[in-house]
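Morning, everyone. I have one chain to show you today. Please take a moment with the sequence and the picture.

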Amino acid sequence: MKKTVFALAVCVDRAFAAETPSVELTGVSQAPDRRVSVAYTLSDGPAVVTAVFETNAGENVWVSLVDAQISALAGDVNRIVRTDGAHAFVWQP
């Protein structure tokens, strides 16, 4: 049985900021109901924060999930995040 592993990359685009925003991933966990919780810290915002989910397709081979597979996102993602500090979002696969 193949176990699916998720990797996360948080992409930050510059949005109305004098400095380049940065994101530090502070936590990723998956609950028994499969919901994935992601915590991150934004610095030098505001920024448009987006997420890319990947799954393993073989040894050392990763592929991005398509948009239809990541449509159930809620929280501080896929929008402008205006304040620096701790933020979070969830994904229900």
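I will go from the whole chain to one hairpin, then one residue, then the salt bridges. Keep in mind that this is a predicted model.

Start with the overall make-up. How many helices and how many strands does the chain have? Zero helices, eight strands. Read from the N terminus on, the order is simply β-β-β-β-β-β-β-β.

Now the surface. The chain has 93 residues, and 25% of them count as buried. Its accessible surface is about 5,900 Å². Carbon and sulfur atoms own 52% of that area.

Next, contacts. Take those in the chain with a separation of 6 or more. Of these, 60% are between residues 24 or more positions apart.

On to the hairpin. Find strand E2, residues 22-30, and strand E3, residues 36-43. Which way do they run relative to each other, parallel or antiparallel? Antiparallel, with eight bridges joining them. One pair to look for: Gly27 has Ala39 in E3 as its bridge partner. Between the two strands sit five residues. In this hairpin, Arg34 takes a positive phi near 80°.

A general point about strands. In a regular strand, side chains alternate between the two faces of the sheet.

Now one residue further along. Ile80 lies in strand E7, residues 79-81. How exposed is Ile80? Partly: its relative accessible area is 27%. Look for Ala47 as well. Along the chain, Ala47 and Ile80 are 33 residues apart. Their C-alpha atoms, though, are separated by 5.4 Å.

Last topic: charges. Side chains of opposite charge can pair when their charged atoms come close. How many salt bridges are counted here? Two.

The first I'll show is Asp33 with Arg35. Their closest N and O atoms are 3.6 Å apart. That pair counts because the cut-off is 4 Å. Asp33 is partly exposed, at 40% relative accessible area. Arg35 is partly exposed too, at 37%.

The other is Asp76 with Arg79. Here the closest N and O atoms are 2.3 Å apart. Is Asp76 buried or exposed? Buried, because its relative accessibility is 17% and the limit for buried is under 20%. Arg79 is partly exposed, with a relative accessible area of 39%. So this bridge links a buried Asp76 to a partly exposed Arg79.

To recap: eight strands, zero helices, and two salt bridges. That's it from me.

Note on methods
Residues are numbered from 1 along each chain as its sequence is written. This is a predicted model: local features need pLDDT of at least 70, side-chain atom pairs count only at pLDDT 80 or more; totals for chains, interfaces and linings use all residues. Side-chain values use heavy atoms; hydrogens and water are left out. A salt bridge is a side-chain nitrogen of Lys or Arg within 4 Å of a carboxyl oxygen of Asp or Glu. Buried means under 20% relative accessible area, exposed over 50%, partly exposed in between (1.4 Å probe, protein chains only). Helices (H or I, at least four residues) and strands (E, at least two) are DSSP runs, numbered from the N terminus. Contact means heavy atoms within 4.5 Å. Accessible areas come from the Shrake-Rupley method with a 1.4 Å probe; for residues, only the protein chains shown count as cover. Two strands pair if DSSP finds at least two bridges between them.
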